[in-house]
Amino acid sequence: QFLYFIERHIMTTPATQSTITLNNGAAMHRLGFGTWQAKKGEVAAAVEIAIKAGFRHIDGAMIYRNEAEVGEAIKKCIAEGVVKREDLFVTTKLWNIHHHPDDVEPACRGSLKRLGLEKLDLYIMHYPTSWVNRQKDIDDITDETMMPKNDEGGTHQRPVPLLDTYRAMERLVDAKLVDAIGISNVTLEQATEIVKGARILPVAIQVECHPCLPQTELKALCTAHGIVLQAYCPLGIGMQDASKSLLQHPRVAEIAKAAGLQPAELLLRWNITKGNVTLSKSVTPERIAQNAATPAEPLAAEAVAALDEFGAANPLRVCNPDFFFEEKGAIFGNDAPGSF
C-alpha cells in the first residue's frame, strides 16, 4: 500500500517542492515539516529523514526545546550534500517570556546559536501573550523558567503591548538576523492591530486550521495584505486524544474513500487547495515519506465541498491551552469543542 501511494504520486509535483511567494519576495514551500511534540532523541532523526524525503521547510520553536537537535540534522544534511542552506526555509519562534523589547534580540540570537545558523528565514511571535522572564541567561531553559505558573493554575504575566514586541522583531530584520517575521495564535483583532501598526508586514500568520476550524476571517485579512496563512494541526490532532481527532472521524474516512485518497492526504490537501501553507508532523519514517509525497495538486471540488460542509457542522479546536493568563481559562475561550 505504501509503495502504491508513492507510485501514484510520482508524476505530480510534491507540495514539499512547490512554493508560494511571500510579501518579502522569498519563496516558502507549501508543505512544511513541524517539530512540535517530537521527543528528545527523536527529532534529529526525524528532521534528517524529512529533509532526505524532500521536505525543505522546517518549522520549530524555542519552547519545543529541540532546536539543537533540529540544527544537528540540518548540519548533517548540508555536510552530506543532501541540501545547501539556501535550499531550506527554517522557522523558529519567540516564546512568551521574551516579549519585552529588550529580550527579543537575545532570544533570537539564542535560537540561532542552538540551531547553528547565522540567519532565520522566518521568526514568529509564538503567542500574543507576555509572561515574566526569570531566566538567569538565555540558555536557562527549564519548566520553571519557560512556564512561570502561579498558584491559581494560570501564569505570571508581564504586560507588554503587542506592537512593542512586534517592533522589536522588525529590528531583527533590520539587523539581518532574520529575513522575515510573522505572528501566531492570534485573534482577528490582534492580527489587525499588528498589520495596521506594522512597518514590516508579517509574511505569515500561523494558526490551527482544518475543515472544522477554517479561520475564514483571518484568511480574508491575510489575502487582503499579501500574508500567507500557515496551518498547524491540519489533521485535527493536537492536545487531545488522537483517537478522537479529525483524522479518525468516520465522515472524513468516507470523503477520503470517495476521493480515492487516504484521510491524511485528504486533510493536508484541503489546506493546500485553500492556498494555505501546511505543516505536517511525524517521527515515523513511513509517514514522513507519505506526507512528503503529498502532491500540490488541488483536491476535486466535490471533496472540498464535502469537507467544508462537514466542518461547518462540526466545529473543533484541538489546541486551546488553559494556563496562559493569570487565571485559568482557555486562551481562545470556548469557541469550539476540543474533541468530537
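**Exercise 1. Which strand or helix gives the largest share of the lining of the largest cavity?**

Before we start: this is a predicted model, where local features need pLDDT of at least 70, side-chain atom pairs count only at pLDDT 80 or more, and totals for chains, interfaces and linings use all residues. Residues are numbered from 1 along each chain as its sequence is written, and side-chain values use heavy atoms, with hydrogens and water left out.

*Step 1.* Find the space. On a 1 Å grid over the protein atoms alone, a cavity is a set of points where a 1.4 Å probe fits but cannot get out, while a pocket is an open set with protein on both sides within 12 Å along at least five of seven lines; lining residues have an atom within 4 Å of a point. The whole structure has one cavity of 30 Å³ or more, and the largest cavity holds about 50 Å³ (volume: the space filled by probe spheres set on the points, with grid points joined across faces, edges and corners).

*Step 2.* Look at the lining, which includes Ile-58, Asn-66 and Thr-91. Strand E4 (57-59), helix H3 (67-79) and strand E5 (89-94) each bring at least two residues (DSSP runs numbered from the N terminus: helices are H or I, at least four residues; strands are E, at least two).

*Step 3.* E5 wins, with three residues.

**Exercise 2. Work out which helix gives the most to the lining of the second largest pocket.**

*Step 1.* This pocket has about 320 Å³ of space. Of its 20 lining residues, those closest to the centre are Leu-213, Gln-215, Glu-217, Arg-317 and Asp-335.

*Step 2.* Helix H7 (188-197), strand E8 (204-208) and helix H8 (216-225) each supply at least two lining residues.

*Step 3.* H8 gives the most: three residues.
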